[in-house]
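Hi,

Here is the structure I said I would pass on. Have a look at it first, and then read my notes underneath.

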Amino acid sequence: MALCVWAELDPRTNQECACISPASRTIFHQHKTEEAPLSRTSAPFSETRGQTRPKNTHPTPATHSHSCRLSGNSSEKVSHVSQSHLRADGEGVSLQHICTSAAVQNRFRFAQVTAETNFDRLVQEHPWLLTEKLVVKPDQLIKRRGKLGLVGVNLDLNGVRDWLKPRLQKETTIGKAKGILKNFLIEPFVPHKQEEEFYVCIYATREGDYVLFHHEGGVDVGDVDAKAKKLLIGVDEKISEESVKKTLLTHAAKDKQSDTICDLGGVDELANYGEYSGAPSEQQTYDYAKTILSLMTREKHKDGKVLIIGGSIANFTNVAATFKGIVRAIKDYQEPLKEHEVQIFVRRGGPNYQEGLRVMGEVGKTTGIPIHVFGTETHMTAIVGMALGHRPIPNLPPVAAHTANFLLNTSGASTTPASSRTASFSENQAKAVQAPAKQSKTGGPVAKATTLFSKQTKSIVWGMQTRAVQGMMDFDYVCSRSEPSVAAMVYPFTGDHKQKFYWGHKEILVPVYKNMSDAMKKHPDVDVLISFASLRSAFDSTMETMQYPQIHTIAIIAEGIPEAHTRKIIKAADEKGVTIIGPATVGGIKPGCFKIGNTGGMLDNILASKLYRPGSVAYVSRSGGMSNELNNIIARTTDGVFEGVAIGGDRYPGSVFTDHVLRYQDTPGVKMIVVLGEIGGTEEYKICKAIKDGRITKPVVCWCIGTCATMFASEVQFGHAGACANQASETAVEKNKALKEAGAFVPKSFDELGEIIKSVYDDLVAKGVIVPAEEMPPPTVPMDYSWARELGLIRKPASFMTSICDERGQELIYAGMPITEVFKSEIGLGGTLGLLWFQRRLPRYACQFIEMCLMVTADHGPAVSGAHNTIVCARAGKDLISSLTSGLLTIGDRFGGALDAAAKQFSKAFDSGMLPMEFVNKMKKDGKLIMGIGHRVKSINNPDMRVQILKDFVKQHFPSSQLLDYALDVEKITTSKKPNLILNVDGFIGVAFVDLLRTCGGFTRDEADEFVEIGALNGIFVLGRSMGFIGHYLDQKRLKQGLYRHPWDDISYVLPEHMSM
């Protein structure tokens, strides 16, 4: 049975692996471009730049690992990898900036070869290829190429081409990995002795940069981590020649679903792992799902296939909305899915997840595809065991109809176990005293506070994150806080003002300041700052915040902050005694007291996980999304959470696991501790040491995510920047082993985490360490109107209705046609007007006719009333809109507005069977003008070429022109009486448009007549002539014409009649 795993994420939390692993990412990249079929074994070599790392190197975005022979290029170098470049790019940059004085600098040359390379042109660009001996090797981040026979040494150019023939664009197997060799590197061959080689590596850590040096290099360098001399250069310190000589020159990835598949013995069946995050739109999830389903249905498997759609509990993503795209894709692929015997397992939680699961279950019933759906009542990786047949598929009772069920206060709340906390949220509590940070007497670093949050904690939020602030206030209200935890907001892009929020049923105002200093000065009781600043401004705003001694905790939400900046923040925070949570985090929560931003999700999840009152279990994790999952697991297996912190997924989090674990150890209300670590880094070993040394005595349940990484054929970089093992000790397997040996409670897999937590908790209850307490219901919080409507709880008549345009989705839609399709179809302006005015996609000739009408009506000189008015307004100094409006206001039956009237008059006469002569005589008898007949300048002897151009087009392209022919017969009669009584351009367009609407096949007779009746045809003249009016306005401004005054000699001054007589 082949497995395809799909993880769904929540924005900013990266709860289910923020990125695909390098191996899996390459598979997915190939699938999207359809370059390779789905592999059931393992990933191909990385083709995307900088997505794998060789072991024994320690690269970061800020620094590069560089292992080189300074004597020159030879067979195989140990390793050089930049995260965003190929080897050739990295070596060029490194040698330019690191080895600027070395002789080899001037000899560093390389040529890149792909299947498209023209060798004649390559030789012209690199003449040295013909004169020197060469080295050739693949440049696809493959390590140990020399040992694998993938390096050609001491060759001429012909030898290089011969060496490439059996390798370029050929599939190659390295270990278990298969892939196509596409990129190669040619370099000059520099003969040298083995003793001339040495090893250099530079890598970054939390405390500074390490320089590794070993006097021996080459392909057999071995375990350089153990051999090499190390020199630490602290943050903001400079490297010195003396320290180098003295120290060095003494000789000359977080995936839970994949983890569980591997833990249950299904690693060989794992075909692909992918994820999406960032609140994707329906179209994005649809395209993503189509790609996955297309891959699954290309080749059959004898045992069928399984698609696992797994995700933890979203913080604020509307689960039902994100599932819409998946449902569409399943419907599109329902026949291939049934043919390939695909089963689908879904587990998801978060806002409106019940509706999302219901829709997913319904599509299974209607299509006949086995779809098993589970919510937060099921452990997030339990579906893996079900899919692999290791556990039965339960028949679950129907889930709640919608999220709002959590918001309805019921008196029948069950009694749940509670810890020996001194008081629940509903009991009178003594005001908690914040542990202040104390200044070191020696002038060293300031001690950090043990208690970060209390029920009296006040915060400032940096950034206009109104949704997050409202969520914090709803949490405060349900926790029965006396006043909101958000005292103010800082937003430097507007002036000082007030922002409206809800406090329960009431509306309150929160001050917003432009400057941080003003906010701090006016709110001296604030001690926490929550920063939603972007990655570009987070560093400056955080450093500014630490200038104020009142702040002892800062949460930095942004991800992508340069690591060099993060390390400077950490150094400053340590000196000032400030606790940093983040970067790249959702924050943290202290039930009954305080929550950071979007932590804990929306209010329904707060209530479901009982986060409105303290429990006995404190946790710390890297992932924000997984912290929400821990809230759920702990609420279901214990009396609940005392405090939880997500330290963030970056390589250098502002605070580390031990910072918080030791705080929990020293906090009386915490009875047990849960740590959710991951692959990469060594922080978990500090917990091991603290347990062994007796510093930590409370029970610790710990699990490190990423155990599947050791089972992949190549190194794996999981979603978090720090989730990559650069050496064996950093793997999840080794860390879990060490934690268990130290005395922590470590489950066999993430799937059993809840069971271990429950076992430890039950033991503490049995020993009397935790005493169960009665559960008290929280106060209700009103639901926002927008969310209630999203859930389908209310309805309200709309103030407006529209049927021509919809801007709410991923792209703009004109009358049901996406804007991308509008451009792809090349319907032009006429076709766009057809969609917006007539709600139809008109035939090509109709679109062309509309554009011709706009062209011929665009202008008729400055003398006509509309242009004249526009010019006068422009010269009076009025703006464009005012001038255009003054011109448009002159349009009517006498000027330009005759299209509708002409269409109505001629249509009525024609439809009634009236002969042209009868029509002319009747209009004369009634004393009415025939609209569209007559012109002040043009005549039968001086025809209007605009009319002639349109007439030729209509006769050539329209299927029928009965009304036009009728109007032309009328023209023969009127011009026989007076030459200028011709069918003018207004009349022509009016009658021709009626023919178009009636005969193009897109409208019924009633629809065509309705468009004439409601004034659509006059719109053609208005739109066309607006172009001319704007032209006249711009022309007057460009010519810098002054105020217009009409000349006296063009005005006839007369006295009133009674006076002249």
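Below is what turned up when I went through it, starting with the overall picture and moving on to details.

**Overall**

Keep in mind that this is a predicted model. The protein has 1061 residues, and 54% of them are buried. Its secondary structure adds up to 36 helices and 32 strands. As for the surface, the accessible area is about 47,100 Å², with 53% of that belonging to carbon and sulfur atoms.

**A three-stranded sheet**

A good place to start looking is a small stretch of strands. E10, E11 and E12 make an open sheet, in that order, with antiparallel pairing. The edges are taken by E10 (199-204) and E12 (229-234); each has a single partner strand, so one side of each has no neighbour in the sheet. From one strand to the next, the twist averages 15°.

Going through the pairs:

- E10 and E11 (residues 208-214) run antiparallel to each other and are paired over six bridges. The two form a hairpin, with three residues between them.
- If you want to find the register by eye, look for Cys-201, whose bridge partner in E11 is Leu-212. Val-200 likewise sits opposite Phe-213 of E11.
- On the other side, E11 pairs with E12, again in the antiparallel sense and over six bridges. Here Gly-208 stands opposite Gly-234 in E12.

How many of the residues of E11 are buried? Seven of the seven are, so E11 is largely enclosed by the rest of the structure.

**Helix H8 and the loop after it**

H8 has 15 residues and spans 21 Å from first C-alpha to last, close to the 21 Å expected at 1.5 Å a residue. Quite a few of its residues are buried, including Tyr-286, Tyr-288, Ile-292, Leu-293 and Met-296.

Follow the chain on into the loop between H8 (282-296) and strand E14 (305-313) and you get to Lys-300. This lysine forms a salt bridge with Glu-339, with the closest N and O atoms 3.4 Å apart. Glu-339 belongs to helix H10 (residues 334-339), so the pair ties together parts that are 39 residues apart in sequence. Are the two partners buried or exposed? Lys-300 is exposed, at 57% relative accessible area, while Glu-339 is partly exposed at 47%.

**More salt bridges**

The count for the structure comes to 38 salt bridges. Two others that I looked at are each contained in a single helix.

One is in helix H20 (residues 683-692), where Glu-683 and Lys-686 are three residues apart, about one turn of the helix. Their side chains meet in a salt bridge at 3.1 Å, N to O. Glu-683 is buried, with a relative accessible area of 15%, whereas Lys-686 is partly exposed at 44%.

The other is in helix H34 (residues 1005-1013), where Arg-1005 and Asp-1009 are four residues apart, again about one helical turn. As background, an α-helix has 3.6 residues a turn, so residues three or four places apart point the same way. The closest N and O atoms of Asp-1009 and Arg-1005 are 3.7 Å apart. Both count as partly exposed, Asp-1009 at 31% and Arg-1005 at 42%. There is a further link here: salt bridges with shared partners join Asp-911, Arg-998, Arg-1005 and Asp-1009 into one network.

**Cysteines**

How many disulfides does a search of the whole structure find? It finds zero. I picked out two cysteines to see how far away the nearest sulfur is.

- For Cys-704, which is in no disulfide, the nearest cysteine sulfur is that of Cys-702, 4.8 Å away. A disulfide needs the two sulfur atoms within 2.5 Å, so this pair does not count. Cys-704 is buried, at 0% relative accessibility.
- Cys-1000 is in no disulfide either, and its nearest cysteine sulfur, on Cys-847, is 9.8 Å away. Cys-1000 is also buried, with a relative accessible area of 14%.

Over to you!

How values were computed: Residues are numbered from 1 along each chain as its sequence is written. This is a predicted model: local features need pLDDT of at least 70, side-chain atom pairs count only at pLDDT 80 or more; totals for chains, interfaces and linings use all residues. Side-chain values use heavy atoms; hydrogens and water are left out. A salt bridge is a side-chain nitrogen of Lys or Arg within 4 Å of a carboxyl oxygen of Asp or Glu. Buried means under 20% relative accessible area, exposed over 50%, partly exposed in between (1.4 Å probe, protein chains only). Accessible areas come from the Shrake-Rupley method with a 1.4 Å probe; for residues, only the protein chains shown count as cover. The expected span of a helix is 1.5 Å times one less than its number of residues. Two strands pair if DSSP finds at least two bridges between them. Axes are lines fitted to C-alpha atoms, for helices over the stretch in contact, and angles run from 0 to 180 degrees between N-to-C directions.
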